Structure formats: C-alpha cells, structure tokens
Amino acid sequence: MSYQNEKIAFRPMEVSDLSSILDVEVNSFSAPWPKQAFYNELVRNQFAHYTVVTINDKVIGYCGLWIILDEAHITNIAIHPNYRGKGLGEATLMYVMETAKMLGANKMTLEVRVSNHIAQSLYKKMGFVPSGIRPKYYSDNQEDALIMWVTFNEKKAKSSTRD
Ligand SMILES: CC(C)(COP(=O)(O)OP(=O)(O)OC[C@H]1O[C@@H](n2cnc3c(N)ncnc32)[C@H](O)[C@@H]1OP(=O)(O)O)[C@@H](O)C(=O)NCCC(=O)NCCS
C-alpha cells in the first residue's frame with residue numbers, strides 16, 4: 001500500500017460517521033443509499049456489521065456485512081474516489097472477511113452489477129467465484145446482478161470428504 005506514512009485503521013461504523021459515509025456513498029454509486037438506510041442498519045439490524053476504514057482518523061470508506069448463521073453477505077463496499085487504487089478496498093475486504101470468519105461464517109456472498117468490472121476484479125482476487133445472475137436486480141436501471149461466493153474452509157471441507 002502506498003500509504004506508508006499514514007495511519008490506516010479499521011473499526012466498527014458509528015452513527016456519528018454517517019456524514020462521512022454519505023460523502024463516500026454519493027461519490028461511489030449511481031443509486032446511493034440514503035442516510036436513514038445506514039442508520040437502520042446500525043441501530044435496527046441485529047445481523048449487520050459495518051466497518052469503516054480511516055486514514056489518520058478520517059473516514060474514507062466502508063464495508064457492510066450481514067451474518068446469518070454460517071453465511072456472510074456483503075451488502076456494499078466503497079472507497080472514496082480520492083483514495084482508490086492504493087490497495088485500501090482490498091485491505092478493507094480482507095479485514096471484513098476475517099471478521100466474518102471470527103463471527104462464525106464459513107462462506108460469503110455478494111451481488112455486483114454485471115457492468116462493474118473493477119469490483120468484480122477485486123472480488124475474484126479475493127477468491128470469489130461467479131455463481132449465477134439475478135435478472136434486473138438493480139431497480140435504477142434494471143441491470144442484472146452477478147452473484148458471487150467464496151468458501152472460507154474449502155481445504156478443510158475437501159480433506160474431510162476424503163476421510
Ligand atoms: C471497488 C472499490 C471498493 C475498489 O477499491 P480500491 O481501493 O480502489 O481497490 P484496490 O486499490 O484495493 O484494488 C484491489 C483490486 O481491485 C481491482 N481494481 C481496483 N481498481 C481497478 C481498476 N481501476 N481497474 C481494474 N481493476 C481494479 C483490482 O483487482 C485490484 O487488484 P490489483 O491492484 O492487484 O490489480 C472502489 O473502486 C469503489 O469504491 N468503487 C465504487 C463502489 C463500488 O462499485 N463498490 C462495489 C459494489 S458491489
């Protein structure tokens with residue numbers, strides 16, 4: 001990462017982060033979530049775990065996660081455009097994948113726009129594999145979603161089938 005002299009940190013998202021998160025959000029998505037949607041996730045959704053990434057304590061990105069039993073679902077990930085291409089998206093996703101494992105998940109899924117090749121490249125790099133299409137999943141432009149999955153304990157699962 002080319003941020004050697006900066007302090008990069010990850011921590012749970014708080015309600016007081018929402019102004020910074022909205023700045024990331026409106027600069028990242030054609031159909032950004034409103035502030036209330038993040039508020040509901042933080043305050044009302046017992047399955048939700050939201051992480052922020054900071055540079056010198058400034059919030060510059062986030063990733064949302066739901067964990068239901070042993071399945072983790074990435075709801076969204078975004079890095080502010082001013083800070084992209086420096087490894088922060090990858091580091092954030094890696095941190096969230098480790099968090100999911102610690103919380104008991106053994107597989108993870110997400111949906112991504114079929115046109116979003118940058119995000120798909122990130123997910124493939126992290127081991128996600130395309131597994132299907134949700135037709136017209138995105139209501140703003142009727143775009144299809146690519147469904148991707150990664151299994152965390154694949155080696156263990158494979159070796160146990162040989163036992
Ligand atoms: C997707 C996103 C989070 C990546 O964050 P980032 O910090 O720029 O990504 P990183 O620098 O960590 O790059 C990690 C990997 O992502 C992919 N990637 C990042 N930028 C890319 C680009 N411009 N072109 C192609 N692939 C790219 C590559 O696989 C890269 O690995 P590499 O450097 O070994 O090639 C960021 O582009 C973003 O916020 N996009 C808008 C929101 C969005 O689309 N979120 C996904 C919703 S499903």
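Me: Which residues come nearest to the ligand, of the 19 around it?
Reply: Happy to start there. This is a predicted model, in which local features need pLDDT of at least 70 and side-chain atom pairs count only at pLDDT 80 or more, while totals for chains, interfaces and linings use all residues. Residues are numbered from 1 along each chain as its sequence is written. Among the 19 residues around the ligand (C-beta atom, placed from the backbone, within 6 Å of it), the nearest are R84, G89, E90, S121 and L122.

Me: Which element gives the most residues to the shell around the ligand?
Reply: Elements here are DSSP runs numbered from the N terminus: helices are H or I with at least four residues, strands are E with at least two. Two or more shell residues come from each of β4 (71-79), α3 (88-102) and α4 (117-125). The top contributor, with five residues, is α4.

Me: How many residues of the shell around the ligand are charged?
Reply: Asp, Glu, Lys and Arg count as charged; Ala, Val, Leu, Ile, Met, Phe, Trp, Tyr, Cys and Pro as nonpolar; and the others, Gly among them, as polar. The shell has eight nonpolar and seven polar residues, and its charged residues number four.

Me: What does the buried side of α1 pack against?
Reply: A residue is buried when 20 or more other C-beta atoms, placed from the backbone, lie within 10 Å of its own, exposed with 12 or fewer, and partly exposed in between. In helix α1 (residues 18-26) the buried ones are I21, V24 and E25. Because they cover an arc of only 100 degrees around the axis (taken from the directions from the helix axis to the C-beta atoms), they sit on the same side of α1. These buried residues pack against α2 (35-44), β3 (58-68) and β4.

Me: Which exposed residues does the opposite face of α1, turned away from its buried side, carry?
Reply: Helix α1 spans residues 18-26, and its buried residues are I21, V24 and E25. On the face turned away from them are the exposed residues S19 and V26.

Me: Which residues touch the most other members of the largest nonpolar core?
Reply: In soluble globular proteins, nonpolar side chains tend to be buried together. A nonpolar core is a set of buried Ala, Val, Leu, Ile, Met, Phe, Trp, Tyr and Cys residues joined through C-beta atoms within 7 Å. The largest one has 29 residues, and those touching the most other members are Y62, C63 and A100.

Me: Which residues is Y62 in contact with, leaving aside its neighbours within four places in sequence?
Reply: Contact requires C-beta atoms, placed from the backbone, within 7 Å. Y62 is one of the residues touching the most other members of the largest nonpolar core. Beyond four places in sequence, its contacts are M13, I21, V24, Y50, T51, V52, V53 and A78.

Me: What is the phi of K136 near?
Reply: Most residues other than glycine have a negative phi. K136 lies in strand β6 (residues 129-138), and it is exposed because 11 other C-beta atoms lie within 10 Å. Its phi is positive, near 50 degrees.

Me: Where does Q142 lie?
Reply: Q142 is not a glycine, yet it has a positive phi of about 60 degrees. It is exposed because 9 other C-beta atoms lie within 10 Å. Its place is the loop between β6 and β7.

Me: Which residues does P12 touch, not counting those up to four places away in sequence?
Reply: P12 is in strand β1 (residues 8-12). It counts as exposed because it has 11 C-beta neighbours inside 10 Å. The residues it touches are Y50 and T51.

Notes: Two residues are in contact if their C-beta atoms, placed from the backbone, lie within 7 Å.
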